[in-house]
Every structure is written in C-alpha cells, then in structure tokens.
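Please read the paragraphs below alongside the sequence and the coordinates. They go through a pocket, a strand residue, aromatic rings, charged pairs and a few backbone angles.

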Amino acid sequence: MARDCTLNCACGATEWYIKDKRTGRHIMCYCADCQTFARHLGQDNRHLKNGGTQIFQTIPANVEFTKGAENLSLMRLSPKGTFRWYLKCCNTPFANTLPKRAIPFAGMILPAGHDAFGRVRSHVNTEAAHISVKQTGLGATVWAFISRAIASRLSGTGNVTPFFDDAGEPAAEARILTKQERATARP
C-alpha cells in the first residue's frame, strides 16, 4: 500500500507514516488533557490552536515508523489515564491510545494546521477551548471509532501495533506526571 502521509517530529530524528488516510477520522479535540500534554512537553506552540489539538483517529496497524522508533516514549497524566505517547528526542506529542491493545485505537497527534488529512470533521470537548467553538460530529466520531475497532479485530490487524509488544505490554514504561506537574501544565 502506498504511503499516504509521512510525518516527522520537531527535530526530524523520528519519522513515520499513516499507511491509509482513508481509514480514519480527522478531528479537533479541545479537552484540558490534550492541552496539558502538549504544554507539559513544551509543544503548545506547535500543536495547539485555540486550545485544540488536531488528531487523526485510526488503528495502530495503520502507523509505521521509518526511522527513530527507539524514541517512542509513554506518559500518563494520572495513574489510570490515557496512554499519551511522545518522542523523547524532542518531546513531540505522537499519539493517544487506550491502556490495553485489546481495543485497536490510535489518535495520531498532528501539528497545528496540518492539512494532509483533509478538513477537520469533528470538534469535540469544546468546553475547554480558548475561543467559542460549537461541538460537532461527536456521534460520528464515536461510531467511526467503534466501526474501525471492530473491523480491525475481525480482519486480524487488531494486535498489529507499534505501541505494544507481542505479549500486550506497552512498548515503553509509562512516566506518570505528579499532581504538581499536571497542575503546572493545566490550561
């Protein structure tokens, strides 16, 4: 399959691509946690626009590194929080996944203004936006997520992932932010 979209970190040491940009949904998430993640990494200028984070939701099997896979690192904002993946070479936000690989989901974080995935189709969690934004497309986003996860499990690609090893363990040890670190980065 042709490489639809090649992406790289802020310093260029890590590169990856999304195999098929048709198998996902381009959204803008304004939640405080996405903002906290980017701010903690010092990447809010590159990754936030009006408090929103551009995310391409796809399946993990659709993501492949071309260089720098060893830079993949893991953070959680709290002990039971979402897995938030970043690239340690330059603290670039990379993706959000669920804590277990059983439900195939990868929310690939894009630089602000990235347009290779077409227009943003959903604006979600808008209560934390820095401007007035109407929430749109939440139902379609949830339905698309469920549909992709089921299709991935049925096709056998559900366990293909750069985020977890063959035993289902995370590819990196999670660093959990302290309450103080989280509060400092909170919008």
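Which residues lie nearest the centre of the largest pocket? The model is a predicted one, and in it I27, C29, Q57, F105 and N125 lie nearest that centre, out of 19 residues that line the pocket. The space inside amounts to about 370 Å³. By class, the lining consists of 11 nonpolar residues, seven polar ones and one charged residue. Several elements contribute to the wall: β3 (25-29), β4 (53-58), β8 (92-97) and α3 (138-155) each supply at least two lining residues. The largest share comes from α3, with four residues.

N125 also has a backbone feature worth a look. Its phi is near 55°, a positive value in a residue other than glycine. Most residues other than glycine have a negative phi. N125 sits in the loop between β10 (122-124) and α3. With a relative accessible area of 30%, N125 is partly exposed, since buried would require under 20% and exposed over 50%.

N50 is another such case, with a positive phi of about 55° although it is not a glycine. This residue belongs to the loop between α2 (44-47) and β4, and its relative accessibility of 35% makes it count as partly exposed. A glycine with a positive phi can be found as well: G42, just after α1, has a value of about 75°. Within helix α1 itself, which covers residues 32-40, the buried residues are C34, Q35, T36, F37 and A38.

Next comes strand β9 (residues 106-110), where M108 is found. Is M108 buried or exposed? Its relative accessibility is 1%, so it counts as buried. Leaving aside residues up to four places away in sequence, M108 touches W16, I18, Q54, I55, F56, T58, V63, F94, A95 and F163. P162 is 54 residues from M108 along the chain, and the C-alpha atoms of the two are separated by 12 Å.

Three of the contacts of M108, namely W16, F94 and F163, reappear in an aromatic cluster that is formed by W16, F65, F83, W85, F94, F163 and F164. A pair of aromatic rings is described by the distance of the centres and the angle of the planes. The structure holds nine aromatic pairs. One of them joins F83 and F164, whose rings are stacked, at 6.0 Å centre to centre and 20° between the planes. Because F83 lies in strand β7 (residues 83-87) and F164 in the loop between α3 and β11 (174-176), this pair ties together parts that are 81 residues apart in sequence. Both F83 and F164 are buried.

F164 also pairs with W85. Here the ring centres are 6.4 Å apart and the planes stand at 80°, so the pair is edge-to-face. W85 is in strand β7 and F164 in the loop between α3 and β11, so the parts tied together are 79 residues apart in sequence. W85 is buried, its relative accessible area being 0%, and F164 counts as buried at 7% relative accessibility.

The charged side chains come last. Side chains of opposite charge can pair when their charged atoms come close. How many salt bridges does a search of the whole structure find? The search finds four. One of them links E64 with K19, the closest N and O atoms being 3.3 Å apart. E64 lies in strand β5 (residues 63-67) and K19 in the loop between β2 (15-18) and β3, so the pair ties together parts that are 45 residues apart in sequence. E64 is partly exposed, with a relative accessible area of 33%, and K19 counts as partly exposed at 23% relative accessibility.

In another salt bridge, the side chains of D20 and R22 meet at 2.8 Å, N to O. D20 counts as buried, at 8% relative accessibility, whereas R22 is exposed, with a relative accessible area of 68%. E181 and R175 form a further salt bridge, in which the closest N and O atoms are 2.4 Å apart. E181 is partly exposed at a relative accessible area of 21%, and R175 counts as partly exposed at 33% relative accessibility.

Methods
Residues numbered from 1 in each chain as written. Predicted model: local features only at pLDDT ≥ 70, side-chain atom pairs only at ≥ 80, totals over all residues. Heavy atoms only, no water. Buried < 20%, exposed > 50% of the residue type's maximum accessible area, 1.4 Å probe, protein only. 1 Å grid on protein atoms, 1.4 Å probe; cavity = no way out; pocket = protein on both sides within 12 Å on 5 of 7 lines; lining within 4 Å. Points joined across faces, edges and corners; volume = space filled by probe spheres on them. Nonpolar A, V, L, I, M, F, W, Y, C, P; charged D, E, K, R; others polar. Contact = heavy atoms within 4.5 Å. Phe/Tyr/Trp six-rings, centres within 6.5 Å; stacked < 30°, edge-to-face > 60°.
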